[in-house]
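Biologist: I would like a close look at a single part of this protein. Please keep it brisk and connect that part to the rest of the fold.

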Amino acid sequence: MIVISAKNLTKEFDGTNTVLEGVSFHINKGDRVGVIGINGAGKTTLLKVLAGQLQPEEGDYFISDDLVIGFLQQDAGFDSENTVIEEVDRVFEHFPEMEKEMDLLLQKTDEKSLHRYEELRERYERMGGYQYKSEIRGVLTSMAFDESAYHKRISSLSGGEKTRLALAILLLRKPDILFLDEPTNHLDIGTLKWLEQYLKSYKGTMVIVSHDRYFLNETVTRIFEIDNRKLNIYEGNYNFYAGERRNRREAALRKYEKQQKEIERQKEIIRRFKQHNTEHLTKRAASREKWLERQEVMERPDGEHSRMKLTFHQNFQSGNDVLLAEDLSKAFGYGINRQELFKGVNLDLKRGERVCIVGANGIGKTTLIKMLMGDLASGTGRIKVGHNVQFGYYDQGQQLLTDSNTVIEELQEAYHLYSEGELRNILGRFLFRGEEVFREVGALSGGERARLSLLKLMMSGANTLILDEPTNHLDIESKEIFEEALLEFPGTCIIVSHDRYFLNRIPTRIMELTETGLVNYLGRYDYYVEKKQQMISSAKQYVAGLAGKSSGEQNEAAFASSAQQRKVRKEQEAEERRLRRRKESLENEIGRLEEEIADIEKEMCRPEIMTDHVKLAELSETHENLKSQLDKNYEEWLELQG
């Protein structure tokens, strides 16, 4: 069933800037569509038109009237003075009203009220009334809001926190159609994986604008590419799109070259006919000229738009030993306010390596790379920088740019030996042309600031690049150009990133920053995920194996597996402690619930209770709720046992 359709949509701004032209498509119920294109192509504009926030100049579109739309916009913010939990509770404000009505009905003893109560209770259960509070906790936890954040005022949240909260609320509302504009911004890898699993089980229709290629591969089944104001449709995920787009481009290029060859052949024939200057051949030449005029000449497929040109070079080569770090730690604050980020960090970096650092948000990845460059002091340990090492730094917030400078002034300050003409030529390679070079840096978009930062880095000639989330704000095409430049760079790279597609192309090894140090994985992202899962499984098996052994056997097994324990390190121990604490908590909770259920069952069997319909109904509801919670606890306990 078609739920969204559009025909010949055209959208302009200021009467001259056309971003969408003659766009037509349809989306069926349950479709998962990814919308991609270069920055400024019109992706967000398309979503806003479909959401009714913008009106097209031409064409029309249709969305089923009976469907609820949920729209997550980039940098979605709240003006609310509510707390986090108050804002989330608004999604389920109908449940407290139903609960209040059920309480009032239970106070009455007539059959009509009891019948109404039972109908309302069944509806409450069917709508998820018994689960909504746990669902709220689950989604908020997955969006990195623990219970300590529930009562924070929304006005005090960061931009990233507000975006995550907007996404959480949207997911809890469960609309029929989801419009998501860059939903992966501000999410770490763990949260991204959770969101992917959530969206895979989502029953509605999704239209997602994203530059996250890995995320698109996992969540969408159709790709809408906006290119040169037109919409191209690909029936598959991002990998299918990338291969099919290449095939289409190659086929179009062959067709273009064939047509050009035929045009040149016809022109040569016309030239020869005219040379003879006979009436017969002149007429034939005129006939062929008319034929040529009627032909629709193809544009060269590779000429749709300009591409950024990026090449990293090094002024001189570093020594083989680039960086050595031993037993680094970092903490902030003093006394009871002291917060330790990490400790026991060791790193031995060799020339030509491309090391990517991953880890949870807030673990201290940016802090660590600033320590490695000498911009921040370490709490303990030592850092040794190798011979001839020259650092080039890309900061994810582009704070190293001066907002009051124009684009060309930003380069002139750093590279004053270049003439203005030379700088303008270089800026042109990064798509800053004409009057754009005189725009203030503070007025640039995130993608433009990213391009300017990469340009300054390219011109630095550094032999060791330290990059903090370098693919943020880059569109897919720019990411691919950037990745090719890194792969050809002969120097050394340390990169903090959560871009999993990037992590599957670039690193020679991945290092995960934990509270107790860096864990080495000698491969790329998929290898890292596989090995990490194996390590966690090994830890679980090891703990389970010790459980059935005598004290002497346990000591012997512990000694034999010491090498393995060193490999899984503190991360496994922390996971084991967490699992053990959770199992103990569940066992205590199960015991408490079973006692309460037994007491209620005894109470319900008393003769005076059996004749009191109001009290019996109240006890029955409590009994059902406790049984439901007990079943959930048993299911979780059995999973942990496995």
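How many bridges join strand E10 to E13, and in which sense do the two strands run?

Modeller: Five bridges join strand E10, residues 321-332, to E13, and the two strands run antiparallel. Keep in mind that this is a predicted model. One pair of residues helps to fix the register: Leu323 stands opposite Val385 in E13.

E10 and E13 belong to an open sheet of three strands. The order is E11-E10-E13, and the pairing is antiparallel. E11 covers 339-350 and E13 covers 380-385. Both stand at the edges, each with a single partner strand, so one side of each is left without a neighbour in the sheet. On average, neighbouring strands here are turned by 15° against each other, direction ignored.

A helix lies across this sheet. Helix H11, residues 365-373, lies across E10, E11 and E13. Its direction makes about 130° with that of E10.

Now take one residue of E10. Leu328 is found in this strand. Its relative accessibility is 0%, so Leu328 counts as buried. The cut-off for buried is under 20% relative accessible area. What does Leu328 touch, leaving out residues up to four places away in sequence? Phe342, Lys343, Gly344 and Val345 are among its contacts. These four fall within the 339-350 range of E11. Leu328 also touches Leu368, Met371 and Leu372, which fall within residues 365-373 of helix H11. Ser378 is another contact. Thr380, Gly381, Arg382 and Ile383 complete the list, and these fall within the 380-385 range of E13. Leu328 thus has contacts in both edge strands and in the helix. A residue elsewhere in the chain gives a sense of distance: the C-alpha atoms of Leu328 and Thr219 are separated by 39 Å, and the two are 109 residues apart along the chain.

Next, a second sheet for context. Six strands form an open sheet in the order E5-E6-E7-E3-E8-E9. Its pairing is mixed. Strand E5, 69-72, and E9 are the edge strands, and each pairs on one side only. Neighbouring strands of this sheet are turned by 15° against each other on average, direction ignored. At one end of the order, E5 and E6 pair in the parallel sense over four bridges. There, Leu72 stands opposite Leu180 in E6. A helix packs on this sheet too: H1, residues 43-50, touches strand E3 (32-36), E5, E6, E7 and E8. The direction of H1 makes about 150° with that of E6.

The loops around this second sheet hold some residues to check. Gly204 is found in the loop between helix H7 (189-200) and strand E7 (205-209). Gly204 is buried, with a relative accessible area of 12%. Not counting residues up to four places away in sequence, Gly204 touches Gly30, Asp31 and Asp176. Asp31 is 173 residues away along the chain, yet the two C-alpha atoms are separated by 7.9 Å.

Asn228 sits in the loop between strand E8 (222-227) and strand E9 (230-234). Its phi is positive, about 55°, although Asn228 is not a glycine. Most residues other than glycine have a negative phi. At 36% relative accessibility, Asn228 counts as partly exposed. Lys174 also has a positive phi, near 50°. It is found in the loop between H6 and strand E6 (177-181). Lys174 is partly exposed, with a relative accessible area of 46%.

That loop leads back to helix H6, residues 159-173. The axes of H6 and helix H5, residues 132-142, come within 10 Å and cross at roughly 145°. The crossing is right-handed. H5 contributes Glu135, Ile136, Val139 and Leu140 to the contact, while H6 contributes Leu165, Ala168 and Leu172. By class, that makes six nonpolar, no polar and one charged residues.

Finally, the whole protein. It has 21 helices and 18 strands. Its C-alpha trace spans about 120 × 70 × 50 Å along the principal axes. Of the 642 residues, 45% count as buried. Among contacts between residues at least 6 apart in sequence, 69% join residues at least 24 apart. The protein exposes about 33,900 Å², and carbon and sulfur atoms supply 47% of that area.

Definitions and conventions:
Residues are numbered from 1 along each chain as its sequence is written. This is a predicted model: local features need pLDDT of at least 70, side-chain atom pairs count only at pLDDT 80 or more; totals for chains, interfaces and linings use all residues. Side-chain values use heavy atoms; hydrogens and water are left out. Axes are lines fitted to C-alpha atoms, for helices over the stretch in contact, and angles run from 0 to 180 degrees between N-to-C directions. A crossing is left-handed if the near helix is turned anticlockwise from the far one by less than a right angle, and right-handed if clockwise. Contact means heavy atoms within 4.5 Å. Ala, Val, Leu, Ile, Met, Phe, Trp, Tyr, Cys and Pro count as nonpolar, Asp, Glu, Lys and Arg as charged, and the others, Gly among them, as polar. Buried means under 20% relative accessible area, exposed over 50%, partly exposed in between (1.4 Å probe, protein chains only). Accessible areas come from the Shrake-Rupley method with a 1.4 Å probe; for residues, only the protein chains shown count as cover. Two strands pair if DSSP finds at least two bridges between them.
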